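Biologist: Hi! Could you walk me through this model while I have it open?
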Amino acid sequence: MLIGNDSARAALAAAMASGNLHHAWLIAGPEGVGKGMFARAAALRLLAEGAGRDHLAPGWDVPEESQTVHLVNAGAHPDYRELVRLPKDPDKPDEALARSITIAQVRSLQPLFATKPSFSSRRVIVIDAIDDLERGGANALLKNLEEPPAGTIFLLVSHAPGRLLPTIRSRCRLLRFEALPDADVSAILREQLPDANGNEIAALVKAGEGSPGRALGFAGLDIAAIESEMVALAETGDPSNMIRSRLAKLLGIKAAQPRYEAFLERAPSFIAERAKPLSGDALRTALDAYGAARELGGAATGLSLDASSTVFEMGGILARLGRA
């Protein structure tokens with residue numbers, strides 16, 4: 001379901017309708033707002049239009065029974081390629097992914113570019129996300145962007161376009177995606193989580209900060225309870241350490257690892273939200289707490305710090321807000 005960022009989607013639709021479609025599009029914006037989903041929907045539409053064999057209604061939908069959809073879903077469309085990070089172990093596809101999209105993956109496109117599109121008049125390459133390309137892979141891709149193969153459209157998803165090579169950015173038209181309004185995030189969550197109650201949806205919307213993908217990452221972790229504890233820390237200052245001790249006990253055990261990680265991820269943005277209406281000394285305290293929370297969260301992930309101690313320390317950072 002494509003929701004939000006209507007102007008960005010309309011810009012690509014207008015370019016497609018004009019008959020003068022640029023060969024490379026940078027779909028940029030916060031993570032989890034639907035950029036990858038849109039890139040894949042746009043790829044299907046581009047291929048189906050290029051094939052000219054399906055009756056297509058206005059919009060982005062392509063009929064499920066169309067040959068284009070069947071071929072793409074089967075990984076067998078001759079004019080479509082998708083580059084993503086691959087599993088570290090090919091025999092364990094559901095486990096950890098590689099850190100990067102490799103130069104070998106980019107080079108694997110070259111035989112494709114040596115021929116014309118076959119099933120459609122267009123060929124579409126989706127890279128999700130181009131931020132994950134190895135440096136060598138980025139340089140290899142740049143050659144194709146500078147001299148685009150006939151009929152080829154690149155849809156490049158980016159969460160941090162400022163980190164890309166300027167030469168890559170300059171070859172692309174930008175489609176800017178923004179964080180979604182709470183109402184849109186709520187609608188997506190209700191569709192994806194039909195059994196979630198209103199309180200859980202509300203907590204997920206707040207934690208998602210305009211990103212349905214981020215919100216869904218917190219699903220099933222009782223984020224509402226974590227949020228309630230953070231509010232208590234920020235409002236009372238936890239003078240007896242009771243809240244911090246309770247949280248450390250609950251989140252410090254091995255079985256609570258996903259909730260522990262959610263707590264560390266959510267804490268800095270929670271502090272940032274609380275800081276918005278503040279001024280003076282209270283604002284300075286909140287900004288210092290925000291920096292400390294981000295530093296602790298990063299260290300906890302990178303250095304495998306003791307979970308209970310880390311939760312207790314993060315709770316202390318949150319409690320600073322209640323003492324300001």
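Biologist: Let's start with Asp 6: is that residue buried or exposed?

Modeller: Happy to help, and keep in mind that this is a predicted model. Asp 6 is exposed, with a relative accessible area of 52%.

Biologist: And which residue does Asp 6 form a salt bridge with?

Modeller: That would be Arg 9, with the closest N and O atoms 2.6 Å apart. Both residues belong to helix H1 and sit 3 residues apart, about one turn of the helix.

Biologist: Is Arg 9 buried or exposed?

Modeller: Arg 9 counts as buried, because its relative accessibility is 14% and the cut-off for buried is under 20%.

Biologist: Nice. Switching to the sheet, what is the strand order?

Modeller: The sheet is open, has 5 strands and runs S2-S3-S4-S1-S5, with parallel pairing. Strands S2 (80-83) and S5 (173-176) are at the edges with a single partner strand each, so one side of each has no neighbour in the sheet. On average, neighbouring strands are turned by 15° against each other, ignoring direction.

Biologist: Which helices pack on it?

Modeller: Helix H1 (residues 6-18) is one of them, touching strand S1 (24-28) and S5, and its direction makes about 145° with that of S5. Helix H6 (residues 135-146) also packs on the sheet, where it touches S1, S3 and S4; the angle between its direction and that of S4 is about 135°.

Biologist: Over how many bridges do S3 and S4 pair?

Modeller: Strand S3 (residues 123-128) pairs with strand S4 (residues 152-158) over 6 bridges, in the parallel sense. Within that pairing, Val 126 stands opposite Leu 155 in S4.

Biologist: Back to charges, then. How many salt bridges are there?

Modeller: The count comes to 15. Among them, Glu 146 and Arg 171 meet at 3.1 Å, N to O. Glu 146 is in helix H6 and Arg 171 in the loop between helix H7 (166-170) and S5, so this pair ties together parts 25 residues apart in sequence. Glu 146 is partly exposed at 40% relative accessible area, and Arg 171 is partly exposed at 26%.

Biologist: What does the salt bridge of Arg 246 and Glu 229 tie together?

Modeller: Arg 246 lies in helix H12 (residues 242-251) and Glu 229 in helix H11 (residues 223-236), so the pair links parts 17 residues apart in sequence. Their N to O distance is 2.8 Å. Arg 246 is partly exposed at 34%, whereas Glu 229 counts as buried at 13%.

Biologist: And which residues are linked in a network of salt bridges?

Modeller: Arg 40, Glu 82 and Asp 128 are linked that way.

Definitions and conventions. Residues are numbered from 1 along each chain as its sequence is written. This is a predicted model: local features need pLDDT of at least 70, side-chain atom pairs count only at pLDDT 80 or more; totals for chains, interfaces and linings use all residues. Side-chain values use heavy atoms; hydrogens and water are left out. Two strands pair if DSSP finds at least two bridges between them. Helices (H or I, at least four residues) and strands (E, at least two) are DSSP runs, numbered from the N terminus. Axes are lines fitted to C-alpha atoms, for helices over the stretch in contact, and angles run from 0 to 180 degrees between N-to-C directions. Contact means heavy atoms within 4.5 Å. A salt bridge is a side-chain nitrogen of Lys or Arg within 4 Å of a carboxyl oxygen of Asp or Glu. Buried means under 20% relative accessible area, exposed over 50%, partly exposed in between (1.4 Å probe, protein chains only).
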